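This report describes how the chains are built, where they meet, and which backbone features stand out. Please keep the sequence and the structure in view while reading.

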Amino acid sequence: MDPVLLARVQFALTIMFHYIFPPMTIGLGWMIFMYNTRYQENGNPLFRQLAQFWTKIFAITFVIGVATGITMEFQFGTNWAGYSRFVGDIFGAPLAAEGVFAFFLESSFLGILLYGRKRVSQKMYWFSSFMVALGATMSAFWIVVANSWQQTPAGYEVVTEMVNGVEVQKAVLVNFWEAVFNPSTLPRYSHVITGALTVGVFFILGTSAWQILKGRNTEFFRMSMRTAIIPCFAVIMLTMVVGHKHGHQVAETQPAKLAAFEGIWETQTHAPLMLFGLPDQEGEKNHFAIQVPGMVSLMVGGKFDTEIQGLKDFPPEDRPPVAIAFWSFHLMFYMGMWMALIAFIGVIFWLNKKLLDHRVYLKLCAFTVPIPFLANEVGWVAAEVGRQPWVVYNLLRTQDAISKAVPAGQVLASIIMFSLMYALLFGLWIYLLKNQFRKGPESIESLEAEAK
Amino acid sequence: MEALQITWFLLIGILIIGYAILDGFDLGVGFWHLFAKKKGERTAFIHSIEPFWDGNEVWLLTAGGALFAAFPPVYATVFSGFYLAMMLVLLGLIFRAVGIEFRNKIENEKWVKAWDIAFSFGSILPTVLYGVAIGNVLQGLELNAIGDYTGGFFALLNPFALFCGIVGLTMFAHHGALYLSMKLDGDIAQNAQKWAQKAWYAFLFTLMPTLAYGVKFCISGDYRFLPMIFIVLTLVVNSASFMFNKKGKAQAAFIASSVTIACLMLAVATALFPNVVPCTNNPEWGLTVFNSSSSQLTLLSMLIIALIGMPIVLGYTVFIHRVFKDKVKVDNK
């Protein structure tokens, strides 16, 4: 088997499974902080109940995120030794910073949030809930810095040196801040965070709707749903705005990627937006294309005669796999639209005080729960596949980045191990979540008794 | 530049020592989890580490990140060279993490039992493998010119490395038992005190032959004096730990055990220095502190990050241990 393909399959498998969990904890973390803040402000025990219940859901999810995250940090060294040697001078620092500045903070205060309720003051508990959300959000920053540098390298120079008679190239840091705030860091970070928030808020909205439909703890979940609807609307709108900005940056810094996202082969002004189509890598064209004329030019440059570079401008060996990039990007976009629609309808109903009266709407909300998860996943697929064939854009090819020391059979064995283990973890996660919903929130009486 | 390189060698050493001391106790608790007879005792074991294990594991993540940043070729060589072992470490760490959090979520005999087993084996497996890895690095690896490991998987399972693995297990078992005796109340705390005594003998009896053979790595190094001092310190402080434990001073014994771990790791580090990964087939190809570090700017930037961050980290660690300073109650069922 092809060792490069195996290494890529393993990375895709482990990162995509891992990425189910952190976005949800970022989103839930801030919602829990909001509940704790409201409780702190007005002492309404309902908010205490909300915080308590969603913290339980948070805990089940968080631990799988942590456990599967270790795999990611090891993987650069285990499977991508060539990459590690090439980028270590730049890429390692954000990973270390993530540990020092974010993980320690998050894990310490999580201990208090989960097990320390009775041991600290109410204020300290509230503060811990803030720190947990902040820690999760900050860890995303450092890992996005690392990823963005792969996409749009900056603040470096490539040096060639002789190591034991072998010529070796590597990237060396020349400006720390330029590398950290490279051209795609902030556009990507804002989109990643808002995207992550959608997972948490739509999870609360959708699972609450599902519980109401089932007739379980309806009072509690009605309240829960009411708290989620405005955040859903605000967050998905923001995601789309910053996503649009992120698109501008891609057009500017990674034109081959943009061309693949939009399925544009010829360099042209008035570039059309393809809503549907099957890009054909070999034939350099699209089949069954349904297009809106001029829209890509308009969206990228604000006017129809903006020139968009086409894929044919790049040699075939430098083009990303167009069909995967196109479809993952478009699916993300359509799923975002769907979320916006659900949130918009919700706000209308909410303004008319009828949010909870439409069973069809409740069903749609419940059906929407997996959508933000999937949108986050395919968004990353678009970002990473769109960067191909480069692992560091225009500097290092993916095929040159793997660990030459590791036999393909061992990689295959570990893929099998991860597949089994992660399938089991996924099943357990769903099982425990369902179990938690079945148990429902603790009663207000017992929470108040505990407080005294 | 040399000062920076040495500083980073030491800082990574400190991160690894921090990991060994902190996660060492909860890995050790995982070992004793097998030996606790009552379900209530095992629950108390989990409670004793619940608020801490995640933070403890962050030391490993940070050490890994720092190694990647400061000595990229070392990170690449070791992690890809020990591929299967690393995958098994991950298997263990993932199951024990999930086990700690999931075990008490559902009241069902089989569920609890399954997670008890996952937690214990998920603790023992990485513990042994860490030792094996250190044993192999001390002896040196077979490398090619760019630093890829060429020795094959079974060469890693040599007697000295396996002995180091057992030393790791007995050392953490001792450390974990002391933690339990310090952290729990009543009969089980006394039990743990006895476990610690047994583990101490086991640690000593496995450490001595390993040291007897390992001395050759100390005297073949560039700095013969330092590792020998640390070995002597290890033995002295370790004896103190035994004495404290015998007198029932659990906290003092635990601190002594922590210092023992630190001294032993420092002995390894100084025996290696300036090598980080010696090469057996061609000494010229070995990775050293000086030929495999990142650039001056990276090391400097990282140093600033560490100087800002690490005091805060120590603050969190002290804070969380103060919040959860009470002894854990055991439900005797």
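## A buried tryptophan and its surroundings

Trp59(B) counts as buried because 24 other C-beta atoms lie inside 10 Å of its own, and 20 or more are needed for that class. The model is predicted. Trp59(B) belongs to helix 3 of chain B, which covers residues 53-70. Leaving aside residues up to four places away in sequence, Trp59(B) touches Leu15(B), Gly18(B), Tyr19(B), Leu22(B) and Asp23(B). Between the C-alpha atoms of Trp59(B) and Leu169(B), which are 110 residues apart along the chain, the separation is 19 Å.

## Two helices compared with their expected spans

Helix 1 of chain B comprises residues 2-33. Of its 32 residues, 23 are buried, so that this helix is mostly covered. A bend of about 40° occurs in helix 1 of chain B at Gly24(B). Which span should the 32 residues of this helix have at 1.5 Å a residue? The expected value is 46 Å, and the end C-alpha atoms are 45 Å apart, which agrees.

Helix 11 of chain A can be examined in the same manner. It holds 30 residues, 322-351, and should span 44 Å at 1.5 Å a residue; its end C-alpha atoms are 43 Å apart, in agreement with that value. Just after helix 11 of chain A, Lys353(A) takes a positive phi of about 60°.

## The contact between the chains

Chain A brings 60 residues to the contact, and chain B brings 57 residues. On the side of chain A that touches chain B, helix 3 (45-79), helix 4 (81-115), strand 2 and helix 14 (408-439) of chain A each supply at least two residues. Helix 4 of chain A provides the largest share of that side, 23 residues. Sorted by class, the side of chain A that touches chain B has 36 nonpolar, 18 polar and 6 charged residues.

## Domains of chain A

The domain assignment of chain A gives domain 1 (1-184 + 401-440) and domain 2 (186-253 + 255-386). Taken over C-alpha atoms, the centres of domain 1 and domain 2 of chain A are separated by 23 Å. The contact between these domains involves 26 residues of domain 1 of chain A and 30 residues of domain 2 of chain A. On the side of domain 1 that touches domain 2, the elements giving two or more residues are helix 2 (21-42), helix 3 and helix 5 (122-151) of chain A. Helix 2 of chain A gives the largest share of this side, 8 residues. By class, the side of domain 1 of chain A that touches domain 2 of chain A has 19 nonpolar, 7 polar and no charged residues.

## The largest nonpolar core

In soluble globular proteins, nonpolar side chains tend to be buried together. In this model, the largest nonpolar core has 261 residues, and those with the most contacts inside it are Trp54(A), Leu205(A), Cys232(A) and Met265(B). Helix 4 of chain A gives the most to this core, with 21 residues. From each of domain 1 and domain 2 of chain A, this core draws at least three residues. Met265(B) touches Gly13(B), Ile16(B), Ile17(B) and Ala20(B), when residues up to four places away in sequence are not counted.

## Backbone geometry

Most residues other than glycine have a negative phi, and most peptide bonds are trans. The cis peptide bonds listed here depart from that pattern.

| Cis peptide bond | Omega |
|---|---|
| Gln388(A) and Pro389(A) | about 0° |
| Phe273(B) and Pro274(B) | about 0° |

Pro389(A) lies in the loop between helix 13 (370-385) and strand 5 (390-392) of chain A. Pro274(B) is placed in the loop between helix 10 (250-272) and strand 1 (275-277) of chain B.

Positive phi values also occur in residues other than glycine. Phi of Asn164(A) is near 50°, and Asn164(A) sits in the loop between strand 1 (156-163) and strand 2 (166-173) of chain A. Is Asn164(A) buried or partly exposed? With 15 other C-beta atoms within 10 Å, Asn164(A) is partly exposed, because this class falls between 12 or fewer neighbours for exposed and 20 or more for buried.

His270(A) also has a phi near 50°. This residue is found in the loop between helix 9 (255-262) and strand 3 (273-280) of chain A. His270(A) counts as partly exposed, because there are 16 C-beta neighbours inside 10 Å.

Methods
Residues are numbered from 1 along each chain as its sequence is written. Chains are lettered from A and ligands numbered from 1 in the order in which they are written. This is a predicted model: local features need pLDDT of at least 70, side-chain atom pairs count only at pLDDT 80 or more; totals for chains, interfaces and linings use all residues. Helices (H or I, at least four residues) and strands (E, at least two) are DSSP runs, numbered from the N terminus. The expected span of a helix is 1.5 Å times one less than its number of residues. The bend at a residue is the angle between axes fitted to the seven residues ending there and the seven starting there. Two residues are in contact if their C-beta atoms, placed from the backbone, lie within 7 Å. Ala, Val, Leu, Ile, Met, Phe, Trp, Tyr, Cys and Pro count as nonpolar, Asp, Glu, Lys and Arg as charged, and the others, Gly among them, as polar. A nonpolar core is a set of buried Ala, Val, Leu, Ile, Met, Phe, Trp, Tyr and Cys residues joined through C-beta atoms within 7 Å. Domain bounds come from an automatic or database domain assignment.
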